[in-house]
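Reader: I am new to reading protein structures, and I would like to learn how to follow strands and the contact between chains. Could we go through an example together?

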Amino acid sequence: MRIWRIVFANLKYSKRQHLGTSLGAALASMILVGALTVGDSVRASLSYQALERIGKITHLFISEDGYFHADLANRMQAGWKGNESAQFAPVLMTQGTLASPDGKVRASGVQVLGIDDRFFDFAKDPKQAPDLKQQNFWFSPDLANELGVKAGTRMILRVEEPSLFSRDAPLSGERDARFVSWNRPFGGVLNSSQLGKFSLRANMEPIRTVFAPLSLLQEDMFVNFDPVGERTDFANLLLVLTNEPENILEENMERVWTLSDAGLDIKKLQSNEAWSLRTRSVFLSDSIVDKAMEINPSLQGEFTYLVNAISKPVIGQDQSRSIIPYSMVCGVEPRAEGLLSGEWSDDQIALNQWAAQDLNLSLGDRVSLQYYTVGESRELLQSLESFEVGKILPMPKKIDSGQESDWTPRFPGLSDAENCGEWDTGIPIKYKIRPKDEKYWDDFRGSPKAFVSLLAAQEMWGNRWGNHTGLRAFGKRSAQRLQTDLQEKLRSSDSGLRIIQLKNDAKNAVSGPVDFSQLFLAFGFFVILAGVSLSAMLFGFSMEQRNRQVGLFFALGYSPMRVKVLTWAEAGVVCLLGSLMGLGWAWFFGKGILAMLGGSWGGAVSNLQIIYAPTAQSIGIGALGSFCMGLFTLAWVSRKQSRQAPVALLNGGEFIVPCAGSEIKKPDGGRWFLVAIWTTAILLSIFGWLNQLPVGPTFFGVGALVLTAGLGGFFRFHKKTKHNVGEPKFLLQLDRRIGRKLIVVGILAVGSFLVIGAGAFRQKAAEDCSKLDSGTGGFSHILKTSLPLYDDLLGTEAEALFDLDPGIMNGVSLVSLRVKDGDDASCLNLNQAQTPPLYGVPLGQLSGRFEFVEGNWSALSKPIADGIYPALVDQNTLMWALKKKVGDQIPYTNGEGKTFKIQIAAVVKGSFLQGGLYFAEEHWVKLFPGRGGYQNFWIDVENDRQQIVLNHLKDRLFNYGPETQLIQERLHRLKEVENTYLSIFQFLGGLGVILGTFGLLVAIMRNLWERRKEQAILNAIGYSLARLRVLAWKENISLVAWGLSIGFGAGLLGVLPAILSSSGNFYLGGVLSFGVTLICVTVFSVFLAIRLGLNEESSNLSSRE
Amino acid sequence: MSNFLEIKNLTKAYSAPLGGSSSLVFSDLNLLVEAGKSLAIVGPSGSGKSTLLNLIGGLDRPTGGEVLIEGKNVHQQSPKEAACFRNRTLGFVFQSHHLLPALSALENVMIPALAGHGGASGQALQNQALELLHEVGLSERANHLPGQLSGGERQRVAVARALINGPRLLLADEPTGALDQAKAESLMELLVRLNREKETTLVVVTHAVSLANQMEEVWAFDDGDLKKVDS
């Protein structure tokens, strides 16, 4: 026989008790393993979703504010140099609206993807590619579900025609956006294996995409995009599939990328031996100019602009006779051998002969230039500048049809006009065009009628898009050098072509802001605690029954350690069995939780379809964790046994009475300690209320103190209670089992405290959304448009453009926001937002709105440092999604490939602003010059007019794909996530309370069972069963009273600051309903335990004998 | 012969479990026992017989005085030394047999040998246990569980268990207390025989004078004092 025989014999002998103990351990194992596997499953589901979203794509080149030639994909493929193979596919991505011809079916804000057959090489199943030659539209599954149309149904797709440059810029063409539309049949749904769920954003929103043949889109969208080259083969995404690292891809890109991809061209001018660096975006960006000037500092800058009038100041005469309407004026650098001499002053102007004659001006006369610049919301600001005529230039050469002056870039809406009446420059034509102006246009097209110094031109017309329209090089060699050196010096990223590690980003996004393993572990912690405590209590019972055995071992010469080993080994087997049993339960628990997350708890996972995917690691960690926790607890429970004198164990058996003589009397500092804790709790509660501390930490801080003080008080009270001589002593035997009482009272107290907290903090909808400092900021609705609007919707320009009714729009407050799209960083997104959307907000219009936790709107007005901009964020987004704090920075890349940082400077709380970062519009427009217009609008209008205003806006902005959302609804959705978490917490907390109640039942029954002989004696001497039950009731109901009082007290004191500060979060109904239920359940448990534990049989003396 | 067991000024008092004044069981007891002797301690209930036995065996701590066995103070040993001492030097027989209900008679006998203080193991241990069971007349019942044995048989198993490590001092606390007359006499005969055959010092606590008289010396508690009774 070996020592283990004793262990296994004991296990076998005490199998019933151990079963109960292992059930508690199993419960802990179930929660631990279940929580970890739920986390695994959410992660696996997000991974699966990410895989569906990006297919086989590893990287992506994106031109966010521009386009490159789609044949870049062919060049990359042909010129590819790398150890691993690579595949490329061009994609044209834009936004649009989709509608049936009768307008009954409609979807705004859909992602439009122009693809060719190469796109499907990146799909899971390339063989399932549809026949793109059919020139149909294909929809993503979500869009198809939303529209519910059948294959073959004709649909009209409308997108904005790409502009050569931002429509916010001056002279960008007609004010109204130009649309391109197609009427094609719906060809079918592209499922996930066909990359039908392709999206760049790791969001939880439905993916609404319409796929169309790339060539179909290109031919119509880019018809006016490249009037010189007449190319339409543009794209803005280049999909990549390779295992090569980012730097190899960039090297390959630099090798094949050309200036033409950036829209740059070194144009041969009609003048002999002159070339000019031009861009199809008209204004050369400063970064490109700087690079070109580095290559050749002698390049001559030029800046040509359309002025409204060149006028001669005339007093008392008809002004129309002294102006030349709508002329090109060019700024050039004065040079000794140049058009303007080296001594040329910035207040001088050179007129050509035609202009000088027209205005009858001679050298030394004054002349004014009247011109428009563009202010905020594309507001046209008219300015006037006066010059002295310093030179009369000879007439330029006549320009052939289809050609343009050497000085003038191709302005959209102007350069192609056959006559002045066709001009569509985006500025109002107020002056009358005279026949001689028409004649000048016919003969000389946009040849400048006047020249000023480049500096003067830049001061007048300089803008965020650029301060040059050309850089002139002289001599063929110089032009060629500029071409080659610029090609070499300029990187693709300088033109905004940015590489994204899509696969990596998707992988990172999966490790989302909410770790569901941790979440459920935290939520289930109390159940684990309750399970382990119950285990401990039951194991304690089992050990008490074996006191004599342990005493015997000591008497027979077993060392305390050897006895411990025997006990631990037994406990280990029990815990092991419990853990293994818990593994089975964890499967049901995990599946159950996932079922709930797929149902009524769907809000917590934004209705993500979750697949059950436990990992061996989680199962192992969970099982081992629960085993160790159980073993430690059971070892701790049994520690007292080895401290007892063997004789006490042998003689006392189950009922060892601590020998008072062996106890060391300690000074009673407990009372003062408890007083100190109570005082701290009350002070913290008051401090939390006065200083508006965050309610969560205050609740838990105060609660923990009150629980400690309450349970400490309970312990002291029962330790010191003297027996009431007037009552039967047996009923007070439980008093001596302070440990088991403490467990029961503790579980009830902690459980009721936590569940009260969860109930009390349920988020309610804001009561008054019109308050400026509420979470709505005083706004009632958000209006979003698929296509950007460029004008102030409350301005006269927009009123005329969209035919807005001033009567309806009167009294409406509206804030327009510029949007740089990104990953939603609100609690609705389970993915980790890599780059949250950036909103440009007009600070002046937002003063006094929202409740700030840190900073205010004015904190966003000035850059913190060069390239560092202050931003505002919602507190929840900051804490949970971004996991950052005030002062932290987030790097971004703008449309020109330049990096900048956003620094958190202001924080608002409980707002609908969750999900993005907000910073000053004036910074936004500088950072994203190529991105024009507004796509988000916050509307503040009285309740009774909301519907009229919204309907009117939706009607008038129909072509822009307007969608409105009630801000309260958005807040409700956001709060619902939090409420769902609280529901889960409450559910698991409730489970813990049930366990506590079960523990109470077991403890009472056990106590009654232990005292059954005394019951029988009392019964024999005349105590009726009813009387015994009443006495038992009195004794045991006090446990319930203690547990619930401590729990409720801790909970109520914890939420007191929230109640006093009227934060609106306290939900009294939840507390009351839970409290009443809990009292009923626990009281019933006591009743049931007494009925079962104290009956006719147990009180019958003869049966006991 | 040398003094095997020496008790000097031994005092024991208990505190009341729920407070109150402590009660003195005995004080300043002195006793000398030579090796191989058999000794009976008698006295009325509550006189301190079992307390004295527990103190001799190191199962309880004295309030004052000392117990020396082979010159070594029983109560001034580390827990490990005390365990080893009890295992290798002492054998206990209790009024209640304290057999492990889940183990057979044979296995119960072997329990002290598994305490990790050396001695026989494996088949040798089993043979030794069987031999002891044979000696106490239970070789036929070796594989029976305690629940399948009579009261006398259980107590015999307990005696065999006490002897498995060859103790030099056998302490028996009311070994016949739960047995009828015939079984009690039979058990006492067994203890006396073992004392003689194995030269094991035997200290028996009993309140039955007839059984005590079978011992070489009889000591009686009298009003908190221990006095030798003339045979």
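Reader: Which residue is the bridge partner of V332(A) in β18(A)?

Author: Please keep in mind that this is a predicted model. The partner of V332(A) in β18(A) is S453(A), and this belongs to the parallel pairing of strand β14 (residues 323–332) with strand β18 (residues 450–453) of chain A, which runs over four bridges. Strand β15 (residues 348–352) of chain A also pairs with β18(A), but in the antiparallel sense and over three bridges; there I349(A) has V452(A) as its bridge partner.

Reader: In which order do the four strands of the open sheet in chain B lie?

Author: In a regular strand, side chains alternate between the two faces of the sheet. Here the order is β2-β1-β4-β5 in chain B, with antiparallel pairing, and the edge strands, each paired on one side only, are β2 (23–34) and β5 (72–73) of chain B. Helix α1 (residues 49–56) of chain B packs on this sheet, where the helix touches β1, β2 and β4 (64–69) of chain B, and its direction makes about 120° with that of β1(B).

Reader: How many residues does each chain bring to the contact?

Author: The size of an interface is often given as the accessible area lost when the parts come together, but one can also count residues. Chain A contributes 26 residues and chain B 33 residues. On the side of chain A that touches chain B, the largest share, six residues, comes from α1(A), and by class that side has 17 nonpolar, five polar and four charged residues.

Definitions and conventions
Residues are numbered from 1 along each chain as its sequence is written. Chains are lettered from A and ligands numbered from 1 in the order in which they are written. This is a predicted model: local features need pLDDT of at least 70, side-chain atom pairs count only at pLDDT 80 or more; totals for chains, interfaces and linings use all residues. Two strands pair if DSSP finds at least two bridges between them. Helices (H or I, at least four residues) and strands (E, at least two) are DSSP runs, numbered from the N terminus. Two residues are in contact if their C-beta atoms, placed from the backbone, lie within 7 Å. Axes are lines fitted to C-alpha atoms, for helices over the stretch in contact, and angles run from 0 to 180 degrees between N-to-C directions. Ala, Val, Leu, Ile, Met, Phe, Trp, Tyr, Cys and Pro count as nonpolar, Asp, Glu, Lys and Arg as charged, and the others, Gly among them, as polar.
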